[in-house]
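Visitor: Please take me through one part of this model closely, beginning with a single residue and how far it is covered, and then work outwards to its surroundings. I would like the reasoning spelled out wherever a class such as buried or exposed is assigned.

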Amino acid sequence: MGVVMVFFGLGFMGGWAAALAALAYAVVTLVRDRSRDRVRRQGRPAVGLLVPAPAYRRFDMRLAVAALLADLWLVSAVIVFGADGVFTEEWMGYPGMVDPTGQGYQAGAESLLRTTAWRTAGTALLARCWTTAAVQLCVLSPAAWWIGSFDTYYT
């Protein structure tokens, strides 16, 4: 059992490292393409603003991958920390002693995921990163609903 926990811990930290590496790669892409146009020059101004240039789209795609990895890590962190005395799902096994301070954990985790989704998607929309905004809304909102559907000792 100790070996499994070591590998799980390494995988958990590896997920965080992968998200940070993807974010660094997105920033490197943005810096490398700094001399290229980020706004289309041809066409109407509104089209130029709404349809980013290819260099900016590359950055958006890489940022979306980084956001996806970070979202998956965040959802897994919520499940891992809630599995010890809060959630009672069949596939989690016996969670051990019921944690009396965990009564608000599920609602707090759900609120955290929804708030994170809306704030990061809003920031991505302001930065014209359409793909990143869509990823944030399509991953974190259903994850919040999924976490809210878990049976707990308190429901």
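Guide: In this predicted model, Ala70 counts as partly exposed because its relative accessibility is 27%, a value between the limits of 20% and 50% that bound this class. Ala70 belongs to helix H3, which covers residues 54–82. Although Ala70 and Gly15 are 55 residues apart along the chain, their C-alpha atoms are separated by 7.8 Å.

Helix H3 also holds Ala64, and here the class changes: with a relative accessibility of 6%, Ala64 counts as buried, since that class takes in values under 20%. If residues up to four places away in sequence are not counted, Ala64 touches Thr131, Thr132 and Val135. A further pair involving Ala64 is the one with Trp130, for which a sequence separation of 66 residues goes with a C-alpha to C-alpha distance of 9.0 Å.

Of the residues that Ala64 touches, Thr132 deserves a closer look. Thr132 lies in helix H5, made up of residues 130–148, and its relative accessible area of 5% places it in the buried class. Its side chain takes part in a polar contact of 2.7 Å with the side chain of Asp60, while a polar atom of the Thr132 side chain also lies 3.3 Å from the backbone nitrogen of Ala64. Once the neighbours within four places in sequence are left aside, the residues in contact with Thr132 are Asp60, Leu63, Ala64, Ala67 and Ala124.

From Thr132 one can step back along the chain to the loop between H4 and H5, where Arg128 is located. Arg128 has a phi near 65°, which is a positive value in a residue other than glycine. Arg128 is also classed as buried, because its relative accessible area is 12% and the class extends to values under 20%.

Cys129 is buried too, at a relative accessible area of 2%, whereas Cys138 is exposed, at 59%. The count of disulfides comes to zero, a result that rests on the requirement that two cysteine sulfur atoms lie within 2.5 Å of each other.

Helix H4 offers a second view of this part of the chain, through Ala121, which is found in that helix. With a relative accessible area of 3%, Ala121 is buried. Leaving out neighbours within four places in sequence, Ala121 is in contact with Ala133, Gln136 and Leu137. For one of these, Gln136, the distance to Ala121 is 5.7 Å from C-alpha to C-alpha, at a sequence separation of 15 residues.

The salt bridge count for the model comes to one. Side chains of opposite charge can pair when their charged atoms come close. The pair here is formed by the side chains of Arg114 and Glu110, with 3.1 Å from N to O. Because Arg114 and Glu110 are four residues apart in helix H4 (residues 105–126), about one helical turn separates them. Arg114 itself is partly exposed, with a relative accessible area of 37%.

To place the details in their setting, it helps to return to the N-terminal side and to the surface. Helix H1, residues 2–32, contains Trp16, which counts as partly exposed at 40% relative accessibility. Together with Leu20, Leu23, Val27 and Val31, Trp16 forms a nonpolar patch on the surface, and the accessible area of these residues together is about 430 Å². The accessible surface of the protein chain comes to about 9600 Å², and 70% of this belongs to carbon and sulfur atoms.

As for the frame that carries these residues, the protein chain has five helices and zero strands, so that the order of elements from the N terminus on reads α-α-α-α-α. Of its 155 residues, 33% count as buried, Ala64 and Thr132 being among those described above. Among contacts in the protein chain with a separation of 6 or more, residues 24 or more positions apart account for 71%. The contact between Ala64 and Thr132, with which this close look began to turn from H3 to H5, illustrates how one residue pair links two of these helices.

Conventions. Residues numbered from 1 in each chain as written. Predicted model: local features only at pLDDT ≥ 70, side-chain atom pairs only at ≥ 80, totals over all residues. Heavy atoms only, no water. Helix = DSSP H or I, 4+ residues; strand = E, 2+ residues; numbered from the N terminus. Buried < 20%, exposed > 50% of the residue type's maximum accessible area, 1.4 Å probe, protein only. Contact = heavy atoms within 4.5 Å. Areas by Shrake-Rupley, 256 points an atom, 1.4 Å probe, with all protein chains shown as cover. Patch = residues over 30% accessible without salt bridge, like charges linked within 9 Å, V, L, I, M, F, W, Y side chains within 5 Å. Salt bridge = Lys/Arg side-chain N within 4 Å of Asp/Glu carboxyl O. Polar contact = N/O pair within 3.5 Å; in protein donor to acceptor, adjacent residues only side chain to side chain.
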